[in-house]
Amino acid sequence: MPFLNKIQRWAEERPQDTAVVVAGRRLGWAELRDAAAAAVPFSDGVTVLAEANSVDFVARFAAAVAGARQCAVLDPSWPVQLHTDILQRLREHVPPAPVSGEDALADGPPESTFLIGLTSGTTSVPKAFTRSRRSWQESFDASIEFFGLRQDDVTLAPGPLAASLNLYALAECLYAGSEFQTLEGFDVGDVHAAITYDRVTRLVLVPTMLRLLSERGLTGGVDASGVRTIICAGSKLDARTLEAARRWAPKATIFEYYGASELSFVSGAGLPAGEPLDAGGTGIGRPFPGVEVRILDDGGEALPDGEPGNICVRSAMVSNGYLWGDDGEALRSFDGWVTVGDQGYLASGELHILGRRADMILTSGKNVYPHEVELALASVPGVAAAVAAGLPDDIRGQRVVAGVVASHGGITATQLRAGLENILTRDKRPLQYFALTELPTTDRGKVSRNILLDWITSRDTRARHLGQ
């Protein structure tokens, strides 16, 4: 466990079948097994991988977790100094392992650590957490069941393998014996070509990528009728993205799920082809197989349905905790119930997400969740997408501001205020609006509220203030 014994099995049973394709370069199961076995490190310590997507990366990743070895995957786009700082911390926190000479491509003990995960960060040193082999095997079993992954599926995850969403999708396919594809870098034309010519049946990606692919695919006449599964994570699917994806890939079941790198899967929902669209709310499905969810207050007491608090989970998929960076708040445990500080509530068994405590805006003594504001703005006619955040304010502490991408033409602050009048209470409505030329996103495609604030404070041309 978690997937090397399965690679051995598929190599014996289906040696010539395709295991992995990256930017057109293919490895069969036997080729992948042999390449990984040849790359197994002699040392039993930590292997650090910081490189772009390639089939060589896949082989080296498999080799790096052979036996009881551990692997840390760094984003190659991070600054050199950040890489250096992380390597130094790894040397400090992970003692050198004795050299056993074990070079077999086999899984180590289930409870042993195999992966050192890093929370995203481009300047400060990110937190590092560890995962056991068993935690990912439990996750594989749950996600394969929930998403209905089949051996005849061809999965395309077009983002960087350094991101946990894509690295997990790769490992899940290796475990299931299902073909996995990715690209050297995200490119709409390359993704469309893969869908057209490479029999792709399954997409794993973030909502911003899905919107681009769907809207441009519809405009360009790209046929996505062969896609039967779309899996989105990272942020809630908005109505425009969901509607475009449904039109572009009419036979696909569209899944979205909530989870965290430290927790693995928490809850999710699938919208089968042909069912009415239901977007714009805060709900994000029911607990994953094998996961229990409770809403607890800061004292660890359970809260009733509908009352917001800490989203806490109990499952065998949870990480071991932090190797470094634990401030006692980022990952808390209440008698076995674990939370990363995300806020939400339960209603009739469905989990509703309000957002991270760290993102919460405190304005005039009131708590405002940007996620609520964004969902409300996305329902206003003329708004394609929205992002909200809190700017420092001498009187209020923070003031709510919002950036919007118009769906067509322009939009005014007056229109936005009118659209929110009967949706949000006055204290939650933005005091300033900015027209955005594009969504502020990280290099992994996730919407960033901090980048929005940077654009506003630096008077970036991508965020134009909308007057009264």
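Leaving aside its neighbours within four places in sequence, which residues is Ser178 in contact with? In this predicted model, the list comprises Ala19, Trp29, Leu149, Arg150, Gln151, Asp153 and Cys173. Ser178 itself sits in a loop, between helix 6 (164–176) and strand 8 (179–182). With a relative accessibility of 0%, Ser178 counts as buried, because buried means under 20%.

One of these partners, Arg150, deserves a second look. Arg150 and Ser178 are 28 residues apart in sequence, yet their C-alpha atoms are 6.7 Å apart in space. From the side chain of Ser178, a polar contact runs to the backbone oxygen of Arg150 at 3.0 Å.

The wider setting is an open sheet of nine strands. Its strand order is 2-1-8-7-9-10-11-12-13, and the pairing is mixed. At the edges are strand 2 (25–28) and strand 13 (286–287), each of which pairs on one side only. In general, strands of a sheet pair through backbone hydrogen bonds, in either a parallel or an antiparallel sense. Strand 7 (residues 154–156) and strand 9 (residues 202–205) pair in the parallel sense, over two bridges. Here Thr155 stands opposite Arg202 of strand 9.

Two helices can be placed against this sheet. Helix 2, spanning residues 29–38, lies across strand 1 (18–22) and strand 2, and runs at about 90° to strand 2. Helix 8, spanning residues 207–220, lies across strand 9 and strand 10 (229–232), and its direction is at about 130° to strand 9.

Technical notes:
Residues numbered from 1 in each chain as written. Predicted model: local features only at pLDDT ≥ 70, side-chain atom pairs only at ≥ 80, totals over all residues. Heavy atoms only, no water. Helix = DSSP H or I, 4+ residues; strand = E, 2+ residues; numbered from the N terminus. Buried < 20%, exposed > 50% of the residue type's maximum accessible area, 1.4 Å probe, protein only. Contact = heavy atoms within 4.5 Å. Polar contact = N/O pair within 3.5 Å; in protein donor to acceptor, adjacent residues only side chain to side chain. Pairing = 2+ DSSP bridges. Axes fitted to C-alpha atoms, helices over the stretch in contact; angles between N-to-C directions.
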